Every structure is written in C-alpha cells, then in structure tokens.
Amino acid sequence: MFWKPTSFGGSFSRLWRTLAFRLTAAYASAGLLLVFLVTLSLYLMLVSELNKSTELFLKDKVNVLRTMLGERPGDADGLHEEVVLESAARRYEQFYICLLDQQGKPVLMTPGMSKELDLARIAPLSAAKHGLAFPMTGRSGQAFRVMTAKAQIGESQNRFLTLQVAVDVSRKEELLARFRLWFWVASAGMLVLFPLIGYQIARQGIRPVEEIAETARRITSSHLSERIVTAGYPYELASLALTFNKMLDGLEDSFERISRFSADIAHDLRTPVNNIRGEAEVALARARTIDEYRDALESSLEEAVRLSDLIGNLLFLARTESPLTHLRLEQVDVSQLLEGVREYYDASAADAGVVLTSTGVSEPVIAELDRTLIQRAVGNLVSNAVVHTLEGGRVAMATHAEAADVFIEVTDTGVGIPPDALPRVFDRFFRVDPSRSKASGGTGLGLAIVQGIMQLHGGSVEITSEPGTGTRVTLRVPSTNARAACY
Ligand SMILES: Nc1ncnc2c1ncn2[C@@H]1O[C@H](COP(=O)(O)OP(=O)(O)OP(=O)(O)O)[C@@H](O)[C@H]1O
Ligand SMILES: [Mg+2]
C-alpha cells in the first residue's frame with residue numbers, strides 16, 4: 001500500500017489535460033471565491049453595524065445621565081429609576097451603570113453589577129480608550145462593551161461624578177458565532193456542490209465538441225454524407241460545426257468529382273484502345289490488299305493520336321494542379337501573343353468558314369506571365385470558339401488592362417451553351433453534347449486546362465454564354481504579375 005507519486009502525477013496531468021476538468025476547476029474555484037468574498041463582506045458589515053448600535057446605546061445612556069445630573073441634580077428618584085429599575089426591566093442587552101464620586105467610590109450602582117463585572121479593571125481599561133467603548137469579559141465569561149465618562153453635577157464646575165456604563169453583548173456575539181459556523185458548514189457543502197455543478201455545466205458545454213468529434217470519426221471516404229446537426233448549439237460551436245459541414249461539402253464534392261473523373265478517364269482511354277484493337281483484329285482476320293492495310297493503319301494512327309492527345313492533356317492538367325509547378329514568368333506583350341494565336345488558328349478558322357480576329361495590337365498591353373501556358377489557354381478558347389461557331393460566324397480576341405489587371409477576352413457568335421450546362425463546362429471531361437464533341441475530337445479537358453493555367457497565375461476565368469447568340473470567355477491575369485504599358 002505505497003503511494004506512488006509518479007502514477008498520481010501522471011493521472012493528474014492526464015486529468016488536467018481534459019477540458020471538462022479544467023472548466024470544472026475554474027467554475028468551482030470562481031464560485032467558492034465569490035461566495036467567500038460575499039459572505040466575508042456581509043460578516044464584516046454585520047460586525048460593524050452591531051458595534052455601531054452598541055456604541056450608540058452606550059452614548060445615549062451617558063447623555064441621558066449627564067443631562068439628569070447637570071439639569072436635575074436633586075432628582076434622586078429619576079436617577080434611581082434610570083440606574084436601578086430600567087436595567088432590571090430589560091430581558092435582552094442587560095446593561096449596568098455605576099456612578100463613582102471624585103474619590104472613586106461607588107455612589108449608585110445597578111444591582112448585580114459587581115457580581116457580573118470586575119469593577120477594579122474598568123478604570124485602567126477606560127484610561128486607554130479615551131471615552132470610546134471597549135470590550136470586556138464578565139466574571140462568568142459574557143462579552144461586555146463598556147463606556148466611561150465624567151458628568152458634571154449641577155452648575156458647579158468642580159463637582160462631578162464618573163459614569164461607568166456596561167452593556168451585555170453576548171447575544172450579539174452569539175449571533176456572530178452562529179454566522180461563522182453557518183459559513184463554515186455552507187463552505188464545506190459548497191466545496192462538494194460547486195465541483196458537481198461545475199462538472200455538469202462543463203459536460204453540457206463540451207457535448208457539442210464531442211458530437212463533432214464523433215461525427216468526424218464516422219466519416220470515411222465512402223461515408224461522406226454525414227453532417228452535424230447544429231440546432232441548439234451555442235453560436236461559437238455552431239459556427240465551428242457549420243465550417244466543418246462546409247468542409248465536408250467540399251470534400252464530398254471533390255470525392256465525387258475524382259471518382260467521376262476516374263470513370264471518365266477509364267472510359268475515354270478504353271474507346272481509342274478498343275478501336276485500335278478492333279481495326280487490327282478485322283485487318284488480321286483474313287488476307288488484305290495493301291490499300292486495306294493502309295486504311296486500317298491510318299485509322300489506327302488516328303486513334304493513337306487521339307489517345308496520345310488525351311494522355312498529353314491529362315498529364316498537362318496534372319502539372320497545372322501540382323503545387324510544385326513553377327511558372328516561367330516573363331514580360332509579355334499580350335496583344336502580340338494574341339496575334340500569334342490568331343496566325344496559328346487562322347487556317348482552321350478559314351476551313352470552318354469563321355472569321356478570326358485579334359484586336360488591341362495598336363495598344364500594347366504588357367503583363368508578366370508564362371507565355372507558353374497563356375498561349376495554350378487562349379488557343380484552347382479559340383479552338384472551342386471555332387468548333388462551335390457556324391460557317392459565316394466570327395471569333396474575336398481582345399485584351400485590355402484595367403486597375404492593373406490584364407484581361408483577355410475570346411468572343412464568338414457561335415451556338416452558345418445552355419444555362420444549365422454553363423456551371424459545369426470547367427469540369428474535366430464535361431461536354432455539352434458528348435456525341436457531337438467526340439466527332440470533333442474534343443476530350444472535354446480544354447476548359448479545365450484553361451482554369452488550371454489561370455489558377456497557376458493566381459488569376460481567374462469567367463464564361464458567359466447565350467444559346468444561339470454566342471459565348472464570351474474572359475481570362476484575368478492579376479495585378480501581382482500584370483502591368484499595363486502604353487508606348
Ligand atoms: N465557345 C463555345 N461555344 C459553345 N460551346 C462551348 C464553347 N466552349 C466550350 N463549349 C462547350 O464546353 C465543353 C467543354 O469544353 P472543353 O474545351 O473543356 O472540351 P472540348 O472542347 O470538348 O475538348 P478539348 O478541348 O479537350 O479538346 C465543350 O464540349 C462544349 O460543349
Ligand atoms: Mg476545347
């Protein structure tokens with residue numbers, strides 16, 4: 001049965017680390033301190049009020065006796081009534097009066113006074129108190145307050161009596177003693193009660209935190225729909241829970257995208273591979289002419305190019321999303337960059353019967369950006385615009401600087417995008433009309449790549465579209481790496 005200091009210390013420090021214990025300790029100590037201070041101040045007030053009332057009583061008695069002796073020195077009956085009878089008539093706060101002549105001999109005394117008090121001690125004690133009331137213990141242990149004073153007899157300055165007035169304050173002392181006892185008993189009770197109440201409050205307060213933790217434990221990648229019900233939570237914890245729920249919304253959304261993305265990748269990779277395999281199987285099923293072999297190889301090559309484009313796009317997209325990707329920033333004249341893109345896509349635009357223009361060359365706009373990446377982003381937008389614009393339509397590129405940001409716009413007069421599809425066009429593999437886009441060779445990654453490139457630049461991309469009228473995509477390169485200059 002040995003006390004193990006280390007194990008006690010260990011379990012205490014474990015306990016101290018719990019929020020419930022700390023809050024309980026804080027509530028209990030604060031409560032106890034508060035009760036102690038309030039009770040102490042009440043006690044001190046009571047002591048002072050009781051002392052004051054005793055002092056007033058003694059002063060009153062002294063004044064009455066002085067007046068009687070001064071104004072009616074011959075009124076022996078009145079004096080007798082005041083000193084002897086009145087005291088005898090009292091049940092509580094018994095008081096005693098003794099009148100001494102100039103030689104210190106008692107002239108008149110309340111009966112029983114010398115039995116209750118050691119009169120010889122009054123004079124030396126009163127000398128130190130200069131007319132103030134002072135405490136004194138009676139012969140049988142009661143508490144007294146005593147006051148002494150001189151009282152002139154009649155008009156004469158030389159004749160006077162010494163007044164000794166003592167009042168029994170043992171009932172008041174008992175009251176104070178009861179108060180003190182009540183205080184200690186109540187303190188002992190509160191020492192038990194406060195930690196219990198504090199613990200209940202603490203548990204109540206941290207229950208939402210435990211519920212949040214419990215919900216977090218239940219969440220797995222296959223079980224992301226779990227949410228915390230915040231009804232009844234205090235404001236601070238409700239906002240924590242809402243933030244947590246929001247984070248879960250984001251996670252669920254990301255997981256859904258990732259799993260859709262994986263399914264899309266598998267599907268998009270399988271189609272060209274199956275096509276190549278089918279072509280090869282058909283070609284090898286029997287002997288073929290040279291031309292038939294050529295056709296098979298050509299269509300296999302087409303599929304292989306499509307496959308390699310898809311893989312290239314996926315790799316590129318992965319690179320734009322990697323935090324390790326570094327931009328090769330340089331000062332670029334965006335107007336010239338657009339002109340370069342226009343030249344590159346001119347032939348395909350002409351094939352589609354679409355007029356491709358780039359404006360803003362007259363006014364150079366300089367920005368700090370990764371030339372190759374922005375060229376690719378704008379190229380993706382132009383290729384989309386050309387593919388989705390009917391013969392005779394127009395595709396225009398423009399740039400301008402505004403509040404130190406550089407904007408690049410690609411506008412077309414094409415078929416437009418339905419409003420319900422618009423929020424999803426930046427999703428990977430999303431195509432408004434999959435069959436049509438596939439025919440035109442789209443992988444559904446172009447706009448996702450544009451978004452990735454703009455995020456790498458700390459910029460953004462916005463799209464507005466009206467079916468039948470056309471589409472406008474705006475790229476914003478932010479001020480940190482953008483600078484407009486007019487030569
Ligand atoms: N200018 C536009 N006009 C009409 N529809 C557009 C336009 N730009 C994009 N879209 C729609 O958004 C979809 C997604 O575009 P995105 O560039 O991401 O893929 P894609 O062009 O189909 O394939 P990829 O660009 O990878 O070859 C397109 O399939 C098309 O339906
Ligand atoms: Mg595209």
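**Pocket exercises**

Helix 10 gives the most to the lining of the largest pocket, with eight residues. This is a predicted model, where local features need pLDDT of at least 70, side-chain atom pairs count only at pLDDT 80 or more, and totals for chains, interfaces and linings use all residues. Residues are numbered from 1 along each chain as its sequence is written.

**Exercise 1.** Describe the largest pocket and its lining.

*Solution.*
- Start with the terms: on a 1 Å grid over the protein atoms alone, a pocket is an open set of points where a 1.4 Å probe fits, with protein on both sides within 12 Å along at least five of seven lines, and lining residues have an atom within 4 Å of a point.
- Next, the volume (the space filled by probe spheres set on the points) comes to about 1200 Å³.
- Now look at the centre: of the 44 lining residues, Asn380, Ser383, Asn384, His388 and Gly442 are the closest.
- Then pick out elements: helix 10 (371–387) and strand 10 (405–412) are among those supplying at least two residues each; helices are DSSP runs of H or I, at least four residues, and strands of E, at least two.

**Exercise 2.** Work out where the second largest pocket lies.

*Solution.*
- Its volume is about 410 Å³.
- Of its 19 lining residues, Arg257, Glu321, Phe426, Asp427 and Arg428 sit closest to the centre.
- Helix 7 is the top contributor here, with six residues.
- Finally, domain 2 (236–321) and domain 3 (329–481) both give residues to the lining, so this pocket lies between them; the domain bounds come from an automatic or database assignment.

Terms used: Chains are lettered from A and ligands numbered from 1 in the order in which they are written. Side-chain values use heavy atoms; hydrogens and water are left out.
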